[in-house]
Amino acid sequence: MPDFGTAFSGLASDRKLTKSEKEVQMSLKDKYAIVGVGYTPQGRVPGRTAMSFHVEAISNAVRDAGLKREDIDGLICYRHFDSVNGEADITPYLVAQQVGIAPRMMSQEANCARSQLISALGWLEAGLCNYVVISYAYNPNADPSLFARIADNLTSNVFGQFGATADYAMAARRAMHVFHTGPETWKHIAVGQRKWANLNPAAQMYEQKVTFDDYYKSRLIVEPFSLLDNCLITDGGRACVITSAERARDLRHPVVTIMGVGGHNPSSSIEKSTIMAGPTGARESGKTALRMAGITLDDIDACEIYDCFTYTVEITLQDYGFFQSGEGEDWLKGGTIEPGGRMPVNTSGGLLSEAYFMGLTPLTEGVMQLMGRCGDRQLGPRTHTKEPQIILCSDNGAILQTHATTILRRL
Amino acid sequence: MTTYNKPLPQPNADDEFFWRGCKKHKFLFQKCLDCGLIRWPPSFLCPQCWSGNTTIIEASGKGKVYTYAVYHLAYHEGFKSDLPYVTAIIELEEGPHFLSNITECNPGDVKCDMPVEIVWDDITAEFSLPKFKPVRVTT
Ligand SMILES: [Zn+2]
């Protein structure tokens, strides 16, 4: 019987690394740093173009790092969704034009490959760039018809399958069947992350308290998901600046290095996927990042996990190895990931309750926590949690088709 | 007859054999003549052995529910009156997974691994859609 799944056997990505490959990877440990984070107003922000948020986020990130426009020689934009109100499609060269730079290197993912940070490291390591900016921005609330337009002209649309919620709902349903997870488990994520948002004045759900009861009463969208399993729709942007750890020492903020990175992309769409209940790309990606960092999960103080849906958080933590398949509820219950918990997760509120800026929501929060700039939600004595030295961040794209891991450390 | 107001298949060079088969109520898939993989979605080369040596086989239309979703919100005007409706991925007897709908079944009664069989929905003069219904066990 042939293998119909995602993972054909014997792929290069399954191969054991040679000693010299390991040495190359480990030579990057702590060599590069994230030195600035750029925010914009976020939530429902009328009267703004997507481009204006890119420009604001990038300029704020560069200023935050104590750098100047002229210093930036690399630009990477996350993908952008359909432009609204006749605005031009976001391209990295239009963004560069608007921020007044002519970078040596630039790129933009077309969809959700999520390799931005690792690309930036490549440009820095090759000596092509000294300061790379990564940005994402969008203004979805400007066009109320956008939601209806997510019909994406696929064969699956013919059968009424539309959008990421339904595809992830299918993945979550399979996981319910395979390892008996479900809303009983996800409620700890839905409620726990909102408690972090309640400590973050910039979070879209800052003022909204969410209880287990609210979760169970939440309106069904695509079963098994209800509204509170879903991430937010956000107008706004986010950006960060990456450079060498050596240069970072001369800049304004505490040095937050990139200790390890990894990636793995199972790639098969939901129609074909056999990894929807794990192991997802998080398994191999996490192993690669931990190996580069030379640490184990016991060294991780907090996690910033890409959380498009509650289930995404569960399967990512499970595949990273924080708990065995199906033991998520036991691991999560009692406030594990909440303020005061033993493994804080998504301390800004995350995509579920702070703001949706793709992988930059988790990544920049990890940086800000390690810099000690998080106010009431700051990890450490303020939130009765461990003072963080090392934070594990994830990025995930499409329907568990792509995955990237970044381990950050405060030097 | 009211106008069909849901999205229609948009056959391309890779999958037009499939939609042409559907019109005749034949559920057709590519089979690799070298390694035997029966594949969906259609592809130019076999993703397992890169052979372009391909034949077309007719699937039995039997399988089981691999996973499913129950819509309580219509993302497209055409599906509003169907709510709540079920989309499902069917693990076909022959191997491939196929995304379709479960019909003739209460959404609450759909289960993973539930045996299902094909039922054709003739939506327009040009197109028929392969959908699936539970296999009724006769006692
Ligand atoms: Zn083959």
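**Exercise 1. Into how many nonpolar, polar and charged residues does the lining of the second largest pocket divide?**

Solution. The model is predicted; local features need pLDDT of at least 70, side-chain atom pairs count only at pLDDT 80 or more, and totals for chains, interfaces and linings use all residues. Residues are numbered from 1 along each chain as its sequence is written, chains are lettered from A and ligands numbered from 1 in the order in which they are written, and side-chain values use heavy atoms, with hydrogens and water left out.

Step 1. On a 1 Å grid over the protein atoms alone, a pocket is an open set of points with protein on both sides within 12 Å along at least five of seven lines, a cavity is a set where a 1.4 Å probe fits but cannot get out, and lining residues have an atom within 4 Å of a point. Points are joined across faces, edges and corners, and a volume is the space filled by probe spheres set on them.

Step 2. The second largest pocket has a volume of about 770 Å³. Its lining has 30 residues, and A:S13, A:D14, A:G263, A:H264 and A:E284 are the closest to its centre.

Step 3. Helices (H or I, at least four residues) and strands (E, at least two) are DSSP runs, numbered from the N terminus. Two or more lining residues come from each of α1 (19–26), β8 (256–264) and α10 (281–293) of chain A; α10(A) gives the largest share, 7 residues.

Step 4. Ala, Val, Leu, Ile, Met, Phe, Trp, Tyr, Cys and Pro count as nonpolar, Asp, Glu, Lys and Arg as charged, and the others, Gly among them, as polar. The lining of this pocket therefore divides into 11 nonpolar, 11 polar and 8 charged residues.

**Exercise 2. Describe the largest cavity and its lining.**

Solution. Step 1. There are 3 cavities of 30 Å³ or more, and the largest cavity has a volume of about 150 Å³.

Step 2. Its lining consists of 17 residues, with A:Y78, A:L117, A:L363, A:D395 and A:T406 nearest the centre. Helices α4 (116–125) and α14 (360–371), together with strands β10 (390–397) and β11 (402–410), all of chain A, each contribute at least two residues.

Step 3. By class, the lining of the largest cavity has 9 nonpolar, 6 polar and 2 charged residues.

**Exercise 3. Characterise the interface of chain A and chain B.**

Solution. Step 1. With contact taken as heavy atoms within 4.5 Å, chain A brings 35 residues and chain B 42 residues.

Step 2. Buried area is the accessible area (1.4 Å probe) that two parts lose on being put together, summed over both. Here the value is about 3,400 Å², of which carbon and sulfur atoms give 64%.

Step 3. On the chain A side, α5 (155–158), α6 (163–179) and β5 (220–223) each supply at least two residues. The largest share, 7 residues, comes from α6(A).

Step 4. A salt bridge is a side-chain nitrogen of Lys or Arg within 4 Å of a carboxyl oxygen of Asp or Glu; across this interface the count is 0.

**Exercise 4. Locate a salt bridge within one helix and the cis peptide bonds before A:P224 and A:P279.**

Solution. Step 1. Over all chains there are 24 salt bridges. One of them joins the side chains of A:K187 and A:E184 (3.6 Å, N to O). Both residues lie in helix α7 (residues 183–197) of chain A, 3 residues apart, about one turn of the helix.

Step 2. The bond between A:E223 and A:P224 is cis, with omega about 10°, and A:P224 lies in the loop between β5 and β6 (225–226) of chain A.

Step 3. From A:G278 to A:P279 the peptide bond is also cis, with omega near -10°; A:P279 lies in the loop between β8 and α10 of chain A.
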